[in-house]
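Q: Hi! Could you walk me through one spot in this model and the sheet around it?

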Amino acid sequence: MLWGGNVLVGGFSVGGAETKPVVVRALGPSLAEQNVANALADPLLEVHDSDGNLLQTNDNWGQGPDAQMIQAEGFAPTKAKEAALQATLGPGNYTVVVSGVNGTSGIALVEIYDYSPL
């Protein structure tokens, strides 16, 4: 699948036989506080399955349907314009795409957390 320019593409796998709860975050505005030049001001986050199907998307984490859970579990980004979502995913391969809202570009960081019980 081709996404065009000015996107961050990352991949991850869910192993085993069970589903896993994950939190995926796309950070940009908080990077500016760490003196990262040209940090992405407003990231847009997408999670795709191995066939390229869009599973979930988020812009502005606090406006998403899973914002309370993300905050309660300690995964809340520090800036309102950052993106984050929670998903329960089955075994397989996944792609994360981070782009800028309205075609903007800049430096971003994508993070994937498995928060299943040990």
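**Asp114 and its sheet**

Q: Which side chain has a polar contact with the side chain of Asp114?
A: That would be Ser116, and the polar contact is 2.6 Å long. Such a contact is a pair of N or O atoms within 3.5 Å; within protein, one must be able to donate a hydrogen and the other to accept it, and residues adjacent in sequence count only if both atoms are side-chain atoms. Keep in mind that this is a predicted model: local features need pLDDT of at least 70, side-chain atom pairs count only at pLDDT 80 or more, and totals for chains, interfaces and linings use all residues. Residues are numbered from 1 along each chain as its sequence is written, and side-chain values use heavy atoms, with hydrogens and water left out.

Q: What else does Asp114 touch?
A: Leaving aside residues up to four places away in sequence, Asp114 touches Lys20, Pro21 and Val22 (contact means heavy atoms within 4.5 Å).

Q: Which strand is Asp114 in?
A: Asp114 belongs to strand β7, residues 109-114 (strands are DSSP runs of E, at least two residues, numbered from the N terminus).

Q: And what does the sheet look like?
A: The sheet is open, with three strands in the order β5-β2-β7 and antiparallel pairing (strands pair if DSSP finds at least two bridges between them). Strands β5 (83-89) and β7 are at the edges with a single partner strand each, so one side of each has no neighbour in the sheet.

Q: How many bridges join β2 and β7?
A: Six, with β2 covering residues 20-27. As an example, Val24 has Ile112 in β7 as its bridge partner.

Terms used: Helix = DSSP H or I, 4+ residues; strand = E, 2+ residues; numbered from the N terminus.
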